[in-house]
Amino acid sequence: MATRHILAIDGGGVRGLVAAIVLEALDQEFKSAGKKSAVGDCFDLIAGTSSGALIAAALTLPAPDGGPSPTPRALRGFFEQHARTIFPPRPFCNIPVIGRLPQLFGPLHDPAPFEALLKMQFGDMVFASARRNLMIPAYSIDPRDIVLFRGGPAYAEREEGERYGMIRLRDAIMGSSAAPTFFPPHRVTNPDRSLAWTTIDGGVYLNDPAMAAVAEAARLFPGDDVRVVSLGSGRQTRNYPFEQARRWGFSQWVSPTGRFRTPLISAIQDGQARAVGRQLHYLLGDNYYRFDYRLEKGRGSDKLDDASKKNLKRLTRGALEMVEEMRPRLRELAASLKPVER
């Protein structure tokens, strides 16, 4: 019986930097163990939501010029270099109520710069180009359904290969990252437009895709054991006191103009990720590797779009501190990984 390795990467907007830093540390341990292959080639299935979708796709695809996939260090550099292009600072944005009024009447950010970066990174490559099995979740509002975009070697002879194989990776990533009020929905189609979805952020139902990836692996590799490596983007720790929350209405629970910043969406994403973590810990025990940390004590903001230099520095500090705390676990994992046989 084989052991299948799964890599799952949470969504989190600019906080995807955290997952990239952990992946870089894993790659360093991998190379220190004398292994020369790309660490991404050691996973039978890679799943990512929102910013995690970008990382997952980059690990499974060659460069547009046919060169190797980006290294984890390059992926960290992508967030460090381009976060402010994707989430540009807006004057007065942090002023209570007034600063967020535009978000009440339309998306806060223009998706065009992000799409241009994805085109530069992935060109027009499609799911059928994936060297490793890849899964990207999104939620479709027209037609209403969950969507798991999939491609890679195991899908070549399956219905999913036919259904999603010619869909562009950058469209799936845009769809999986289209967080309501931050970006507009993204229309994803196949080349002849016989299939189409109006997609929003996969994080509304699957911000941590690890459990869905385990279910998918059971279908692709029936009877095999699984080992899951799950990369978080910082656990949210902001509390909402009872005496305040019991009086809340729409403007406090959902509206971005409230000073508590959409706690309902935060609770949905955080609750789903914590539930998945608990379930996989029970199911897999030591075969479940979760790398995440609490966003507290100056270790980063929980905002999806805070791309300020100050926040990037804090996220980096928090991620590096967590890496050092979990270095033995990283080293143990790196020693056990080996390239998937094609």
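This is a guided tour of a predicted model, moving from aromatic pairs to a pocket, a helix and several loop residues.

**Aromatic pairs**

A search of the whole structure finds ten aromatic pairs, and a good place to begin is with Phe149 and Tyr164. Select both side chains and look at the rings: their centres are 5.6 Å apart and their planes stand at 80°, so this pair is edge-to-face. Colouring by secondary structure helps here, because Phe149 belongs to strand E4 (residues 144–151) and Tyr164 to helix H6 (residues 159–164), so that the pair ties together parts 15 residues apart in sequence. Switch on a surface, and Phe149 proves to be buried, with a relative accessible area of 0%, while Tyr164 also counts as buried, at 6% relative accessibility.

Now move to Tyr240 and Trp248, whose ring centres are 5.5 Å apart and whose planes lie at 70°, so that this pair too is edge-to-face. Is each ring of this pair buried or partly exposed? Tyr240 is partly exposed, with a relative accessible area of 23%, whereas Trp248 is buried, at 12%.

Return to Phe149 and Tyr164 and add Phe127 and Trp197 to the selection, since these four residues form one aromatic cluster.

**Charges over rings**

Two arginines are worth selecting next, each together with an aromatic partner. The charged end of Arg4 sits over the ring of Phe221, at 4.0 Å from the ring centre. In the second case, the charged end of Arg329 is placed over the ring of Tyr289, and here the distance to the centre is 3.7 Å.

**The largest pocket**

Display the pockets and go to the largest, which has a volume of about 290 Å³. Its lining consists of 16 residues, and those closest to the centre of the pocket are Arg235, Ala273, Arg274, Arg290 and Asp292. Which element gives the largest share of the lining of this pocket? Select helix H12 (residues 263–284), which supplies six residues and thereby the largest share. If you then colour the lining by class, you will find eight charged and seven polar residues, with one nonpolar residue beside them.

**Helix H14**

Select residues 327–336, which make up helix H14, and within this helix pick out Arg327, Leu330, Leu333 and Ala334, which are buried. Viewed down the helix axis, these residues cover an arc of only 125°, which puts them on the same side of H14. In general, an α-helix has 3.6 residues a turn, so residues three or four places apart point the same way. Turn the view to the face of H14 that points away from the buried side, and there you will meet the exposed residues Pro328 and Ala335.

**Two buried residues and their distant partners**

Ser177 is found in the loop between helix H7 (169–176) and strand E5 (186–189), and this serine is buried, with a relative accessible area of 8%. Draw a distance from the C-alpha atom of Ser177 to that of Asp305: the two residues are 128 residues apart along the chain, and these atoms are separated by 12 Å.

Do likewise with Phe291, a residue of strand E8 (residues 288–291). This phenylalanine is buried, at a relative accessible area of 1%, and its C-alpha atom lies 8.8 Å from that of Ser233, although the two residues are 58 apart in sequence.

**Backbone details**

The last stops concern the backbone. As a general background, most residues other than glycine have a negative phi, and most peptide bonds are trans.

Begin with the bond between Asp142 and Pro143, which is a cis peptide bond with omega at about 0°; Pro143 itself lies in the loop between strand E3 (133–142) and E4.

Then select Ser50, which has a positive phi, near 55°, though it is a residue other than glycine. Ser50 is placed in the loop between strand E2 (45–48) and helix H2 (51–60), and at 7% relative accessibility this residue counts as buried.

Finish at Lys297, which is not a glycine and yet has a positive phi of about 55°. Where does Lys297 lie? Lys297 is in the loop between E8 and helix H13 (309–325), and there the lysine is exposed, with a relative accessible area of 76%.

Notes:
Residues are numbered from 1 along each chain as its sequence is written. Side-chain values use heavy atoms; hydrogens and water are left out. Rings of Phe, Tyr and Trp (its six-membered ring) pair if their centres lie within 6.5 Å; planes under 30 degrees apart count as stacked, over 60 as edge-to-face and the rest as tilted. Helices (H or I, at least four residues) and strands (E, at least two) are DSSP runs, numbered from the N terminus. Buried means under 20% relative accessible area, exposed over 50%, partly exposed in between (1.4 Å probe, protein chains only). A charge sits over a ring if NZ of Lys or CZ of Arg is within 6 Å of the ring centre and within 35 degrees of the ring normal. On a 1 Å grid over the protein atoms alone, a cavity is a set of points where a 1.4 Å probe fits but cannot get out, and a pocket is an open set with protein on both sides within 12 Å along at least five of seven lines; lining residues have an atom within 4 Å of a point. Grid points are joined across faces, edges and corners, and a volume is the space filled by probe spheres set on the points. Ala, Val, Leu, Ile, Met, Phe, Trp, Tyr, Cys and Pro count as nonpolar, Asp, Glu, Lys and Arg as charged, and the others, Gly among them, as polar. The arc is that of the directions from the helix axis to the C-beta atoms.
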